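Visitor: I'm new to this one, so could we skip the grand tour? Please pick a single part and take me through it closely.

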Amino acid sequence: MSVDDTSAPKLWTPPRDVVRKATVKDYDALRATAQADPQAFWEEQARTLKWYRKWDKVLDDSHPPFYKWFTGAKTNIIQNAIDRHIGTATQNKLAYIWESETGEVRTLSYFGLAREVCRFGNVLKSMGVKKGDRVTIYLPRILELPIAMLACAKIGAVHSVVYGGFSVESLHGRIEDSESRVLITADGGYQRGKLVPLKQIADEALQRAGIVEHVIVVRRTKEPVNMEVGRDYWYDDLMNMPLATRGNGEPCPTEVMDAEDPLFMLYTSGTTGKPKAIVHTHGGYQVGVATTMRMTFDLRPEDRWWCAADPGWITGHSYIVYAPLILGATSVMYEGAPTFPYPDRWWRIVEKHGVSILYTAPTAIRGLMRFGEAWPNRHDLSSLRLLGSVGEPINPEAWNWYHRVIGKGRCPIMDTWWQTETGMFMIAPVPSFPLKPGSGTRPFPGITAEVLDDAGKPVAPGEEGRLVLTSPWPAMMRTIWKDPDRYVSQYWSTFPGKYLTGDSARIDEDGYFWIIGRMDDVIKVSGYRLGTAEIESALVSHAAVSEAAAIGVPHEIKGSAIWAYVILRAGFTASPALNEELGAHVSREMGPIARPERIEFVNALPKTRSGKIMRRLLKARAQGLPDGDISTLEE
Ligand code: WTA
């Protein structure tokens, strides 16, 4: 990595023409107005969308923390993401420009998207999927992924997308927990020129999960796969059957939903070995994602928006699928790896498709900057007007490179802090607001946040503490699927009435928020959220392992890397081959992203007297730091 450039400015003021053209010119004034009456602010935003029936109440806070938004309203996010564009000029606009890893381009207009979603909605109905049913989607980054999500939403089913980089056990656990009877997958996908055998992984997961009755398989690689008669169907075959195409004359109607009906569930890692499914709804979620994208990314009709995340993560759900479609934006979607076949692939895409806003993660920036400036400099990046960052704190070197080399010093960088649970940006600037590199600036209008000490008192400016959100917001999670008690205990019990984010942060003298990192056992590896307990349970599921501990240690490109410590069962001996095998085992069970970078065989693990592994101590030692307080350590 180039270390010449540590000179990120302390404060960066946007150029005058950016301010002049910005939708929000005075961010602090807007925040003050929203602060004075948050419900009025959100109601005004909700009025920009269509509803079948308007709400009786903006916020029902009678049973906290089970907040309800826009109660009494009837809607379906599809009404705003698709239906309202049909019959307007937007129907002829491109919704998606998709590029495969090998360079083919496929485009889909809003009209075309509406048609595909209608047809697939009918296919799902023919498989017996009804309102409220859960459908698991396990697809590579292809257009059928948004189509499948939108089709579920249209018919009132709840989608549960499992990221295509996850593997057998992760998929199995998520299918079982969500009780999905239908799985949508593909014969395979491509990543860095290599084939990812999704159907084969799905078949193994299905051997463990007996609940799935139908599997719909998209043809992507055309490699031969096992198709079980009576269970597995090709997507194309189903889409061409009369039951799907009758949409020409009689479209699949959009199901009228209550504002509070669930739209999707998305599994994410927390403190226990079992990932939890975060539940989001139709009504509040659509208001939250559309408002944040419109203001923070100042979206205009001529923009070409590229959120380079995977639709399988919350960033993709909110800002590749729902928000851009609600706003009638044109999105670029790219199937593969940023460095395939050369490290200029992303810059080639920006040039080729005239991307005007690029939204990505610091880990991707760090990964690309190591190849040097010559790669982006070969391309015309003048179409870019705004940049965005998400997933982890952006370090000054990466900020500076992104700003100078990619944005040519002109483009503001919108650093957006949020979570799977929040559904939408919580701390983020707007283009007209002065930036401090590494800070997401201030809470979004209508959002209130504090940094507290362990006793629940706000800390002094500049001091580190726990980041909490102190009032409800429309796109907030509603519960953890099948586990409302855990929703309360995990997020709302440490400081009653306040939402615990799990992050540590500080607020500086100017009121800018700085995120430091996770305070719990969540590791962010290349922006992906993984739990130490999940990795440990994957390790322990191997016959040779009796106990395991996983920690995250700082890594130049990935942000954090996973290190694991393993105690072997009697009869097994440590060897390089076993080490390799354990890594491969985690990769097979959870996915390549969870494979520890380093596995060490040990005879004992540091534990507290109550038997909890002291990961903090392992972490300190791994980094050569002092042990800190070890008074609870059992000898
Ligand atoms: C971290 C991703 C610093 C944070 C949208 C949070 C960030 C976790 C930022 C949620 C940012 C996300 N600056 N840290 N701009 N954005 N994080 O659920 O630790 O995958 O709690 O959602 O990512 O990760 P998740």
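Guide: Strand β17 is the biggest contributor to the lining of the second largest cavity, giving three residues. We're in a predicted model, where local features need pLDDT of at least 70 and side-chain atom pairs 80 or more, while totals for chains, interfaces and linings use all residues. Residues are numbered from 1 along each chain as its sequence is written, and side-chain values use heavy atoms, with hydrogens and water left out.

β17 covers 330-334, and it shares the job with β16 (304-307): these are the elements that give two or more residues to this lining. (Strands are DSSP runs of E, at least two residues, numbered from the N terminus.) The full lining is Arg141, Trp306, Cys307, Ala308, Ala309, Ile320, Val332, Met333, Tyr334 and Trp346. A cavity here is a set of points on a 1 Å grid over the protein atoms alone where a 1.4 Å probe fits but cannot get out, and lining residues have an atom within 4 Å of a point.

So what sort of wall is it? Nine of the lining residues are nonpolar, none is polar and one is charged; Ala, Val, Leu, Ile, Met, Phe, Trp, Tyr, Cys and Pro count as nonpolar, Asp, Glu, Lys and Arg as charged, and the others, Gly among them, as polar. The space inside comes to about 50 Å³, taken as what probe spheres set on the points fill, with points joined across faces, edges and corners.

For context, the whole structure has two cavities of 30 Å³ or more. The largest holds about 80 Å³, and strand β14 (residues 262-268) supplies the largest share of its lining, three residues. That lining has eight nonpolar, three polar and one charged residues.

Notes:
On a 1 Å grid over the protein atoms alone, a cavity is a set of points where a 1.4 Å probe fits but cannot get out, and a pocket is an open set with protein on both sides within 12 Å along at least five of seven lines; lining residues have an atom within 4 Å of a point. Helices (H or I, at least four residues) and strands (E, at least two) are DSSP runs, numbered from the N terminus.
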